[in-house]
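This report introduces a protein structure to a reader who has not met it before. It treats the nonpolar cores, the charged pairs, the disulfides and the aromatic rings in turn.

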Amino acid sequence: YPVQYENNAHCVWVITAMDSGKFGKESTQQVRKLNNSCDFQQKQLTKVIKLSFEEFDLERGYDTLTVGDGGKIGDTRRVLYVLTGSSVPDLIVSLSNQMWLHLQSDDTIGSAGFKAVYEEIERGGCGDPGVPAFGRRSGDRFQHGDVLTFFCQSAFELVGERTITCQHNNQWSGNKPSCVCKCSYVLCSVIVFLFAVFNFNPVLSLCFLSCFYLSVPFCLHSYPVTYKLNVFPSCLSSFAPSSL
C-alpha cells in the first residue's frame, strides 16, 4: 500500500509480543506501522496485539486478508477474521502474544491493499475502539466485561450498536457505531419555510428557524453527508408525506 499489490500475491506477516520485563518500559510504548509489502516481517511487542486498519481495499470476494491468532500461519483453528472488499474493518485483538496475517490474491484485478497500525495492549482487554465523529462515549475502560455506550450530537442519529461489551475473546460485542447527519432537517427547513412564507404562519416560521439553525451547522461539516429522508421533526409530522 498504496502501490497496487500483484496478482497471485502470497504475503505473510507474524507479529510477536516480547517480554516487557526483558526489554524495558520504553519499548512497550512503541507503535509501529504495517503495510502490505510482501516482505516477511516479524516484530517483537509486549502483552497482546491490537491491530487497527487505516485503509483497506481488496477485490471483493476474490482477494482476502486472513488474520489469525498465534504464530502458525494458516492454522484454520486460530483464524480470527477473513477480510475482503473496501470497508475498513474494526480493530482486532489477539488472544495470545502472537498474531499472523496472510494476504492472498487471485490472478486478475489488483487493488491498493491495506494500511494498518499495531500496538501492544494489556492482556484481558479489547483495546480502545475510539469515538465516532460527531459523537461521544460513556466509559473509558476496555477490560473484559466493561461496557461502552455511545451518543451522537444534535442533528445526528446513531447507526449501529449503542452499547458494546468487551468479551472474553478480546473482541467487542459490536463495531463502533457512527453518527449520521439527519439532513432531512435541511429539507424540513425548506418545506417549512415555504409554508411559512406562503401561508404567513408565525408558528411555522418559528419552527423553520429552529430546524434550520439546528441542522445546517452540523450538516455542512458532516462528511460524508448522508440524506435520510424518512426522518422528520415533530413540528412537521402533519405535513410529512406518507410515502417517506
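A residue counts as buried under 20% relative accessible area, as exposed over 50%, and as partly exposed in between, with a 1.4 Å probe and protein chains only. The model is predicted, so local features need pLDDT of at least 70 and side-chain atom pairs count only at pLDDT 80 or more, while totals for chains, interfaces and linings use all residues. Residues are numbered from 1 along each chain as its sequence is written, and side-chain values use heavy atoms, with hydrogens and water left out.

## Nonpolar cores

A nonpolar core is a set of buried Ala, Val, Leu, Ile, Met, Phe, Trp, Tyr and Cys residues joined through side-chain atoms within 4.5 Å. The largest such core has 20 residues, of which L51, F53, L65, V67 and L101 touch the most other members. Two or more residues each come from β1 (10-18), β4 (48-57), β5 (64-69), β8 (98-104) and β9 (113-121). Here and below, helices (H or I, at least four residues) and strands (E, at least two) are DSSP runs, numbered from the N terminus. Strand β4 gives the most to this core, with four residues. There is also a second, separate core of twelve residues, including V48, F142, L158 and I164.

## Salt bridges

A salt bridge is a side-chain nitrogen of Lys or Arg within 4 Å of a carboxyl oxygen of Asp or Glu. The structure holds seven salt bridges, among them the three tabulated here.

| Salt bridge | Closest N to O |
|---|---|
| E54 and K115 | 3.6 Å |
| R137 and D128 | 2.8 Å |
| R141 and D146 | 3.7 Å |

The bridge of E54 and K115 links distant parts of the chain, with E54 in strand β4 and K115 in strand β9, 61 residues apart. E54 is partly exposed at 37% relative accessibility, and K115 is also partly exposed, with a relative accessible area of 28%. In the bridge of R137 and D128, R137 is partly exposed at 21%, and D128 is partly exposed at 34%. In the bridge of R141 and D146, R141 is exposed at 52%, whereas D146 counts as buried at 17%.

## Disulfides

A disulfide is a pair of cysteine sulfur atoms within 2.5 Å. By this rule the count comes to two disulfides. C126 and C166 form one of them, with their sulfur atoms 2.1 Å apart. The torsion about the S-S bond of C126 and C166 is about 90 degrees, so this disulfide is right-handed. C126 lies in the loop between β9 and β10 (135-138) and C166 in the loop between β13 (163-165) and β14 (178-181), so the pair ties together parts that are 40 residues apart in sequence. Both C126 and C166 are buried.

A disulfide also joins C152 to C179, with an S to S distance of 2.1 Å. The link of C152 and C179 is left-handed, with -90 degrees about the S-S bond. C152 belongs to strand β11 (residues 147-152) and C179 to strand β14, so that distant parts of the chain, 27 residues apart, are linked. C152 is partly exposed at 23% relative accessibility, while C179 is buried at 10%.

## Aromatic rings

Rings of Phe, Tyr and Trp (its six-membered ring) pair if their centres lie within 6.5 Å; planes under 30 degrees apart count as stacked, over 60 as edge-to-face and the rest as tilted. A search of the whole structure finds six aromatic pairs. The rings of F53 and F114 have centres 6.0 Å apart and planes at 70 degrees, so this pair is edge-to-face. F53 lies in strand β4 and F114 in strand β9, so the pair ties together parts that are 61 residues apart in sequence. Both F53 and F114 are buried. F134 and F156 form a stacked pair, with 4.7 Å centre to centre and 10 degrees between the planes. This pair links the loop between β9 and β10, which holds F134, to strand β12 (residues 156-159), which holds F156. F134 is partly exposed at 24%, whereas F156 is buried at 5%. Ring pairs also link W13, F53, F56 and F114 into a cluster.
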